[in-house]
Amino acid sequence: MTAERTDPAAADDDRGVAGASALFRCLGDPSRLAILRHLLLGEHRVVDLTRHMGLAQSTVSQHVACLRDCGLVTARAQGRASVLSVPHPDAVRALLAVAQALLARTGDAVELCPVHPADEGADDGVDDAPDGEPDDEADVEEAR
């Protein structure tokens with residue numbers, strides 16, 4: 001038998017866990033993390049990121065949309081282009097520094113994790129898109 005949660009603090013904890021999970025899913029994509037780190041250097045347009053990352057414009061736009069949905073990136077109009085920036089750069093830098101420190105302490109444990117292989121190009125079967133939309137071609141095929 002499952003006990004129902006009626007404790008408001010437990011409900012807040014559940015929302016916090018869900019929010020943290022969404023944030024880490026967003027940061028879990030190597031391209032999104034690279035885009036975020038590049039934006040920490042200063043404002044950029046999508047076309048600038050496309051050139052720097054060597055990715056298609058549509059791919060960069062999808063990654064930026066995910067980062068925007070999570071509140072990690074903001075955009076302001078400049079003519080016909082959008083200029084992207086990180087609204088909380090100190091917090092993002094602190095999070096990345098803590099992640100780096102944790103990785104240093106765990107050594108190869110993360111890279112060798114059998115549940116989440118470090119293969120960047122592999123589809124892990126998880127829909128990483130925060131809005132519930134398919135995040136890659138395999139998910140699109142699966143949805144059909």
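This passage describes the fold of one protein chain, from its overall architecture to individual residues.

The structure is a predicted model, in which local features need pLDDT of at least 70 and side-chain atom pairs count only at pLDDT 80 or more, whereas totals for chains, interfaces and linings use all residues. Residues are numbered from 1 along each chain as its sequence is written, and side-chain values use heavy atoms, with hydrogens and water left out.

The protein chain contains six helices and three strands. Helices (H or I, at least four residues) and strands (E, at least two) are DSSP runs, numbered from the N terminus. Along the sequence, these elements follow the pattern α-α-β-α-α-β-β-α-α. Of the 144 residues in the protein chain, 20% are buried. Here, buried means under 20% relative accessible area, exposed means over 50%, and partly exposed lies in between (1.4 Å probe, protein chains only). Contact is defined as heavy atoms within 4.5 Å. Among contacts between residues at least 6 apart in sequence, 48% join residues at least 24 apart.

The three strands form an open sheet in the order β1-β3-β2, with antiparallel pairing. The edge strands are β1 and β2, each of which pairs on one side only. Two strands pair if DSSP finds at least two bridges between them. Strand β1 (44-45) is joined to β3 by two bridges, and these strands run antiparallel. In this pairing, His44 stands opposite Leu84 of β3, while Arg45 stands opposite Val83. On the other side, five bridges join strand β2 (residues 74-78) to β3, again in an antiparallel arrangement. Here the bridge partner of Ala75 is Leu84, and that of Arg76 is Val83. Leu84 therefore faces both His44 and Ala75 in a sheet whose general rule is simple. In a regular strand the side chains alternate between the two faces of the sheet. The hairpin of β2 and β3 has two residues between the strands, and Gly79 in this hairpin takes a positive phi near 65°.Helix α3 (residues 46-53) contains the buried residues Val46, Leu49 and Thr50. Seen down the axis of α3, these buried residues fall within an arc of 105°, so they line one face of the helix. The arc is that of the directions from the helix axis to the C-beta atoms. The buried residues of α3 pack against α2, β1, α4 and β3 (81-85). Thr50, which is placed in α3, counts as buried because its relative accessibility is 17%. Apart from neighbours within four places in sequence, Thr50 is in contact with Leu55, Ala56, Gln57 and Val60. Just after α3, Gly54 takes a positive phi of about 70°.

Helices α2 (residues 30-39) and α4 (residues 57-69) have axes that come within 10 Å and cross at roughly 75°. This crossing makes α2 roughly perpendicular to α4. Axes are lines fitted to C-alpha atoms, for helices over the stretch in contact, and angles run from 0 to 180 degrees between N-to-C directions. Angles under 35 degrees count as roughly parallel, those over 145 as roughly antiparallel, those from 65 to 115 as roughly perpendicular and the rest as oblique. On the α2 side, Ser31, Arg32, Ile35 and Leu36 meet Val60, His63, Val64, Cys66 and Leu67 in α4. By class, the contact of α2 with α4 has six nonpolar, two polar and one charged residues. In this classification, Ala, Val, Leu, Ile, Met, Phe, Trp, Tyr, Cys and Pro count as nonpolar, Asp, Glu, Lys and Arg as charged, and the others, Gly among them, as polar.

Val64 is found in helix α4 and counts as buried because its relative accessibility is 5%. Leaving aside neighbours within four places in sequence, Val64 is in contact with Ile35, Leu49 and Leu84. The C-alpha atoms of Val64 and Val46, which are 18 residues apart along the chain, are separated by 8.3 Å.

Leu96 lies in helix α5 (residues 89-106). With a relative accessible area of 21%, Leu96 is partly exposed. When residues up to four places away in sequence are not counted, Leu96 touches Leu33, Arg37 and Leu40. Leu96 and Arg37 are 59 residues apart in sequence, and their C-alpha atoms are 9.0 Å apart in space.
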